[in-house]
Amino acid sequence: MKALESDAPLIVYIDIKSPYAFVAIKPILALEEELGMQFDWRPLTLDIPSYLGSAQKKKGKVVKSTRSADQWTAVKYGYADARRYAERQGHMLKGTEKIWDSSIVNIGILWVAQTARDCMGDYLNIVYPPFWRRELDIEDVAVVEHCLNEAGVDAAGFDGFQQGEGRAIHDALQPQLHPSGIYGVPTFVFGDHILFGREHLPYVRWHLMGGNGPAPDIAYGIAINGMSFGESRC
């Protein structure tokens, strides 16, 4: 699997442990349904300690941390920003109490893509909300298998996949991402474009619909001197 290559019209990189990816899932799935397309969903398993330090909480109190004051400020802002959008979607978003290894649940994305592609939306909707309510242990293979089955995906063979072929695909993909210009989630890849952040969905939609007319600049129209800019239905 090459980081920037796919037969699908759009590659979408996500990580289950990213709050920014969480609040993007609903509009991305809505766009996929609207256009009648199947996007190429892929995992980018973030190495959070490498840029934001690490921390662990117990009953809401920090019991272990390597974060600087500036890193804590960035983390708190990130959660507050994402929480606003999660609540508008009817979701709860609680800050995690440790930095999770999301590779198993992310390899689940690869499993669904290979074995039951039509169930991708169901799988994402089953794992994301409970994880962000602190109700899902995404490091437990049995828990991920239960989520797969609940999404209508046969989980028989998944444990071997996440230890073998799926792990190899996942692990070979990760070191390709930064050199390819992919640093965070959600990231959208099509043609020569690499776009990070759900704010690019109006442009992505415009491109996937054929790129007719002026490209949208922003998600919501702003009237300036009687002229409207950036109108979009996304």
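## Two crossing helices

Helix 4 and helix 8 are roughly perpendicular to each other. In this predicted model, helix 4 spans residues 103–115 and helix 8 spans residues 165–180. The two pack at an angle of about 110°. Angles of 65 to 115 degrees count as roughly perpendicular, and so this pair qualifies. Their axes lie 10 Å apart.

Which residues make the contact? From helix 4 come Ser-103, Ile-104, Ile-107, Leu-110 and Gln-114. From helix 8 come Glu-165, Gly-166, Arg-167, Ile-169 and His-170. The contact is mixed in character: four of its residues are nonpolar, four are polar and two are charged.

Ser-103 deserves a closer look. Ser-103 lies in helix 4. Is Ser-103 buried or exposed? Its relative accessibility is 2%, so Ser-103 counts as buried. Setting aside residues up to four places away in sequence, Ser-103 touches Thr-45, Arg-167 and His-170. Arg-167 and His-170 belong to helix 8.

## The overall fold

The protein has 234 residues. Its secondary structure comes to nine helices and eight strands. Buried residues make up 45% of the protein.

Many contacts span long stretches of sequence. Take the contacts between residues at least 6 apart in sequence: 66% of them join residues at least 24 apart.

## The nonpolar core

In soluble globular proteins, nonpolar side chains tend to be buried together. Here the largest nonpolar core holds 64 residues. Five of its members touch the most other members: Tyr-13, Trp-41, Tyr-123, Leu-124 and Tyr-128. Helix 1, residues 19–35, gives the most to this core, with nine residues.

Trp-41 has a long list of partners beyond its neighbours within four places in sequence. They are Val-12, Ile-14, Ile-25, Ile-28, Leu-29, Glu-32, Ile-109, Arg-117, Met-120 and Leu-124. Leu-124 is itself among the five core members named above.

Tyr-123 lies in helix 5. Tyr-123 is buried, with a relative accessible area of 0%. Leaving out residues up to four places away in sequence, Tyr-123 touches Val-105, Gly-108, Ile-109, Val-112, Val-144, Cys-147, Leu-148 and Ala-151. Ile-109 also appears among the contacts of Trp-41. Tyr-123 and Asn-149 are 26 residues apart along the chain, and their C-alpha atoms are separated by 9.0 Å.

## Cysteines

How many disulfides are there? The count comes to zero. A disulfide is a covalent bond between the sulfur atoms of two cysteines.

Cys-119 is buried, with a relative accessible area of 16%. Cys-147 is buried too, at 4%. Cys-147 is one of the residues that Tyr-123 touches.

## Features in the loops

Trp-100 is found in the loop between helix 3, residues 69–88, and helix 4. At 18% relative accessibility, Trp-100 counts as buried, because the cut-off for buried is under 20%. Apart from its neighbours within four places in sequence, Trp-100 is in contact with Lys-17, Phe-131, Leu-136, Asp-137, Ile-138 and Glu-139. Trp-100 and Ile-138 are 38 residues apart in sequence. In space they are 7.7 Å apart, C-alpha to C-alpha.

Ala-215 lies in the loop between helix 9, residues 201–208, and strand 7, residues 222–224. Ala-215 is partly exposed, with a relative accessible area of 38%. Not counting residues up to four places away in sequence, Ala-215 touches Tyr-203 and Trp-206. Ala-215 and Tyr-203 are twelve residues apart in sequence and 6.5 Å apart in space, C-alpha to C-alpha.

## Backbone details

Where does the cis peptide bond at Pro-186 sit? Pro-186 is in the loop between helix 8 and strand 5, residues 187–190. The bond runs from Val-185 to Pro-186, with omega near -5°.

Arg-134 has a phi near 65°. That is a positive value in a residue other than glycine. Arg-134 is found in the loop between helix 5, residues 120–132, and helix 6, residues 141–150. At 44% relative accessibility, Arg-134 counts as partly exposed.

Key:
Residues are numbered from 1 along each chain as its sequence is written. This is a predicted model: local features need pLDDT of at least 70, side-chain atom pairs count only at pLDDT 80 or more; totals for chains, interfaces and linings use all residues. Side-chain values use heavy atoms; hydrogens and water are left out. A nonpolar core is a set of buried Ala, Val, Leu, Ile, Met, Phe, Trp, Tyr and Cys residues joined through side-chain atoms within 4.5 Å. Buried means under 20% relative accessible area, exposed over 50%, partly exposed in between (1.4 Å probe, protein chains only). Helices (H or I, at least four residues) and strands (E, at least two) are DSSP runs, numbered from the N terminus. Contact means heavy atoms within 4.5 Å. Axes are lines fitted to C-alpha atoms, for helices over the stretch in contact, and angles run from 0 to 180 degrees between N-to-C directions. Angles under 35 degrees count as roughly parallel, over 145 as roughly antiparallel, 65 to 115 as roughly perpendicular and the rest as oblique. Ala, Val, Leu, Ile, Met, Phe, Trp, Tyr, Cys and Pro count as nonpolar, Asp, Glu, Lys and Arg as charged, and the others, Gly among them, as polar. A disulfide is a pair of cysteine sulfur atoms within 2.5 Å.
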